[in-house]
Amino acid sequence: MTGLVFELLVMLVVILAAAELFTNALEHLGERLKISEGVTGSLFAAVGTALPETSVPLLALTSGTAVSVNEEIGVGAILGAPLMLATLSTFLMTLAALRQRKLGGHISPERTGFRRDMNFFLIAFGLAAAAMFVPHHAWYIRAAFSIGLVAIYVGYVVMTFRASRHLVAEGHGTEAPGKMMLARVGLPTNLGTIVLQLVCATALLVAGAKGFIYGVEGVSKILGISALLLSLLIIPIATELPEKVNSILWIRRGKDTLAFGNITGAMVFQGTLLPAIGIMLTPWEPRVEVLTGVVITLLAAAWLRLNSRAGGLPIWALLANGVLYAIYLGITLS
């Protein structure tokens, strides 16, 4: 047990270092490509940091052993990731801003991009939830749901890129605050070294998250936690660490659009493409513990969308998303 705890701490340090490298490289990449913070946060950062949690259900579903257990892990990981992002990740990011901005303050991501992310997620995740009630033999209807979810993400990417030029002109372009990390060891700052740092950081993020997941799985076996509960509660906490850390780093620097875009963009990615896979490769049934997570996720996302105002999202309202996660824990563990 002591060895597992030490492994978790080491992997956490790796993730923290990798997140610093990742955010630094992304800021320089966005500035060089002259793209908006919305594209940098909602697409580049979101997809890049979603690699650990994306790999978990894919590896589980393609494994040839213990099919029923792997399906439980796959479904739990697919649905648990958006739940963590909408509740716990948002709450932790808000806590990081609370000291500076106080309870009556606001977090102010670029409003049109934030609303676009939330609208796409609510539609897509609602469809993914509805697909649970489609009978297994109606594979053609399930396939239509899957294709529809993929199409929604493609439309989302197109709209986000289209909005970028206008947002840059309005002053929402990505800006790098300081030197690139690799430049501090003597390398030039150009597109090649930016990509090199980004690749190294992503590899470290994935390796750190994987190591953390293995450590968590070891602890869960010692504690006797079931596969579904592990995949709904424990694994998403580990796999969402890159998003949590990146968003906390950005929110402390006052980069609200990047901080929130990293979370909401990952929500759209994981609320479309991964459920599209789950619908076709798993039972995708409305079990009580699964439906509880889906309902809490939709409530949390709707709450965020409802509180999107001209002055930003109120701190107190964002803290309520942490309460929703606590409610989910209470219901599930009971």
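Start by selecting helix H5, residues 111–130, together with helix H10, residues 256–281. In this predicted model, the two helices pack with their axes 9 Å apart and at an angle of about 20°. Because angles under 35 degrees count as roughly parallel, H5 is described as roughly parallel to H10. Turn the view until one helix lies in front of the other: H5 passes H10 in a left-handed crossing.

Now show side chains where the pair touches. On H5, pick Phe 114, Asp 117, Met 118, Phe 120, Phe 121, Ala 124, Phe 125 and Ala 128. On H10, the partners to select are Phe 260, Thr 264, Gly 265, Met 267, Val 268, Gly 271, Thr 272, Pro 275 and Ile 279. Try colouring this set by residue class: 12 of the contact residues are nonpolar, four are polar and one is charged. Asp 117 of H5 belongs to the contact, and aspartate is among the residue types counted as charged.

Next, zoom out and switch to a cartoon of the whole protein. You should find 12 helices and two strands. Follow the chain from its start and the elements come in the pattern α-α-α-α-β-α-α-α-α-α-α-α-β-α.

For a last stop, turn on the surface. The protein exposes about 13800 Å², with carbon and sulfur atoms supplying 70% of that area. Beneath the surface, 55% of the 334 residues count as buried. If you draw the contacts between residues at least 6 apart in sequence, 83% of them join residues at least 24 apart.

How values were computed
Residues are numbered from 1 along each chain as its sequence is written. This is a predicted model: local features need pLDDT of at least 70, side-chain atom pairs count only at pLDDT 80 or more; totals for chains, interfaces and linings use all residues. Side-chain values use heavy atoms; hydrogens and water are left out. Axes are lines fitted to C-alpha atoms, for helices over the stretch in contact, and angles run from 0 to 180 degrees between N-to-C directions. Helices (H or I, at least four residues) and strands (E, at least two) are DSSP runs, numbered from the N terminus. Angles under 35 degrees count as roughly parallel, over 145 as roughly antiparallel, 65 to 115 as roughly perpendicular and the rest as oblique. A crossing is left-handed if the near helix is turned anticlockwise from the far one by less than a right angle, and right-handed if clockwise. Contact means heavy atoms within 4.5 Å. Buried means under 20% relative accessible area, exposed over 50%, partly exposed in between (1.4 Å probe, protein chains only). Accessible areas come from the Shrake-Rupley method with a 1.4 Å probe; for residues, only the protein chains shown count as cover.
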